[in-house]
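Student: Could you take me on a close look at one part of this model, the place where a helix of one chain packs against a helix of the other? I would like to see how that part fits into the two chains around it.

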Amino acid sequence: MNRLPSLSRKTCALAALLALCGATAAFAHNIGGTDAAFVAAARGPDPIPFMYLGAKHMVTGYDHLAFLVGVIFFLFRLRQIALYVSLFSLGHSITLLAGVYFQWNVDPHLVDAVIGLSVAYKAIENLGGFRTLFGGQIDPRLAVFGFGLVHGLGLATKLQALKLNPDGLLTNLVSFNLGVEIGQLLALSLILVVMTLWRRTRAFEPTAQAANVLLLLAGFVLAGHQVAGYVFGGAVS
Amino acid sequence: MSTEPSRPMPRGRLILAILGAAGLAALIVLGAILPAEFNRDPLGIGKLSGLARLWAPDEAVIDPGKSGVAAAQEYATPFRTDVIEIPLGDFLAGADRSELEYKVRMPKGATLIYSWEVTGTSEPRDFHYDQHGHTMPAKGQPMTVATWRQGFGLRQNGALTAPFDGIQGWQFSNASEKPVVVRLRLSGFYDLIASGQPGNEAGIVANVPATEARPPR
């Protein structure tokens, strides 16, 4: 446990987006259709397409994006953002590469449920909830790294579901991971633009807490969806 | 450096927010996601709202190479379709006119779609068929035989996939007091057997009217 001094008073928006996430709840988030066919048919190193798939997966992955929103919600200096995002990237790169390469066998639904809970965790942290309720909290940097490991495990299960050909596996894997980072940067830039605009408005202060409650809701819904998938079976989504 | 809002949410509101979010999430999962995505409707909301209609079963893709089900196959034999009209005399005309065997040659794994019907009598008990196939062994070798269907009746519809290289077909027997015609339609991957060869010893000619299909005695 580690108490950090409270500094930034920034909050951010995306309330509408998050409300949408929570309400629609149809988070199709596997690699599907023709992309899956492509991956299954790939033989040998094919870096550019795999990079694209990684980026696409990240940009269209609501759970990863929601978590990122939570992470940078109260970060307003670029150095802080870079540190937290690097910790997150480090975490998910480790488990993505290791999970696929060493063929770890993890249930995708359970991993995705924990990813949903990571969103909820971050929202509670943003509300100062762990301190209010328990009088302390895990160092946010450690938490973001730890959840990065879980998110990477989620990425790994999605790639593993496609039965990658061992021929050129490492190249394709690293390319996919690189693509994930590129996609994350792209999504992050967009989120930052919206957040910065939001922070500048007077509406930010009163809506910041509401936005984090919505984030909390989105996290719970994501987790519930995945638990249902684990209990009732069915396609990973 | 901090990731905290300077103004944390008050304890009471925080607990309310967490419980509220959890409750609403449970409602969304149970009321919307379960009916729409998993075909479960514990609250009955899915049926009321029509969300349950969104659910559709997953497609189970089978691997034809591994599964025990029929596979898509390709054949060197060209596809063909024939209509064979087989006239059969009444039972008083003698066995050589009222009974005969008609078969086609099929490679192993080839499929034949068949449909035949007897005209000239409406009494199923008057007509007997024996659908079978066998290999054409070299001298001194054993013959592999497969009997598919035997019985009385005036028609048969179906498909046959040959389990071995050989000939497949029917022994037709007319036991009625009237001459009849068997109209046999075939499609698939097979070859007709030349007149007088084993399988077509009666010399039936395909794709001509019944009156021309059989050489006179």
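Tutor: Among contacts in chain A between residues at least 6 apart in sequence, 91% join residues at least 24 apart. Keep in mind that this is a predicted model. For chain B, the share of such contacts that join residues at least 24 apart is 71%. Burial can be set beside that: 48% of the 237 residues in chain A are buried, while 27% of the 217 residues of chain B count as buried.

The make-up of the chains is a good next stop. Chain A has ten helices and zero strands, and read from the N terminus its elements run α-α-α-α-α-α-α-α-α-α. Chain B has four helices and nine strands, in the pattern α-α-β-α-β-β-β-β-β-β-β-β-α along the sequence.

Now for the part you asked about. Helix α10 of chain A, residues 204-232, packs with helix α1 of chain B, residues 11-38, at an angle of about 40°, and their axes are 8 Å apart. That angle makes α10(A) oblique to α1(B). The crossing in which α10(A) passes α1(B) is right-handed.

Let's look at who takes part. From α10(A), the contact is made by A:Val213, A:Leu216, A:Leu217, A:Phe220, A:Val221, A:Gly224, A:His225, A:Ala228 and A:Phe232. From α1(B), the residues include B:Ala17, B:Ile18, B:Ala21, B:Ala22, B:Leu24, B:Ala25 and B:Ala26, and further along B:Ile28, B:Val29, B:Ile33, B:Leu34 and B:Phe38. Sorted by class, this contact of α10(A) with α1(B) has 19 nonpolar, two polar and no charged residues.

A helix pair inside chain A can be set beside it. Helix α5 (residues 78-101) and helix α8 (residues 140-160) of chain A pack at an angle of about 35°, with axes 6 Å apart. The crossing of α5(A) and α8(A) is right-handed. Here the residues of the contact divide into 15 nonpolar, eleven polar and one charged.

Moving on to the strands of chain B, you will find an open sheet of four strands in the order β1-β8-β3-β6, with antiparallel pairing. Its edges are β1 (80-88) and β6 (155-161) of chain B; each has a single partner strand, so one side of each is left without a neighbour in the sheet. From one strand to the next, the twist averages 15°. Strands of a sheet pair through backbone hydrogen bonds, either parallel or antiparallel. In this sheet, nine bridges join β1(B) to strand β8 of chain B, residues 180-188, and the two run antiparallel. One place to find that pairing on your screen is B:Leu88, whose bridge partner in β8(B) is B:Val180.

One more residue is worth a click. B:Trp148 lies in strand β5 of chain B, residues 145-152. Because B:Trp148 has 14 C-beta neighbours inside 10 Å, B:Trp148 counts as partly exposed. Leaving out residues up to four places away in sequence, B:Trp148 touches B:Gln131, B:His132 and B:Leu160. B:Gln131 is 17 residues from B:Trp148 along the chain, and their C-alpha atoms are separated by 5.4 Å.

Definitions and conventions: Residues numbered from 1 in each chain as written. Chains lettered and ligands numbered in written order. Predicted model: local features only at pLDDT ≥ 70, side-chain atom pairs only at ≥ 80, totals over all residues. Axes fitted to C-alpha atoms, helices over the stretch in contact; angles between N-to-C directions. Parallel < 35°, antiparallel > 145°, perpendicular 65-115°, else oblique. Left-handed = near helix turned anticlockwise from the far one by under 90°. Contact = placed C-beta atoms within 7 Å. Nonpolar A, V, L, I, M, F, W, Y, C, P; charged D, E, K, R; others polar. Buried ≥ 20, exposed ≤ 12 C-beta atoms within 10 Å, placed from the backbone. Pairing = 2+ DSSP bridges.
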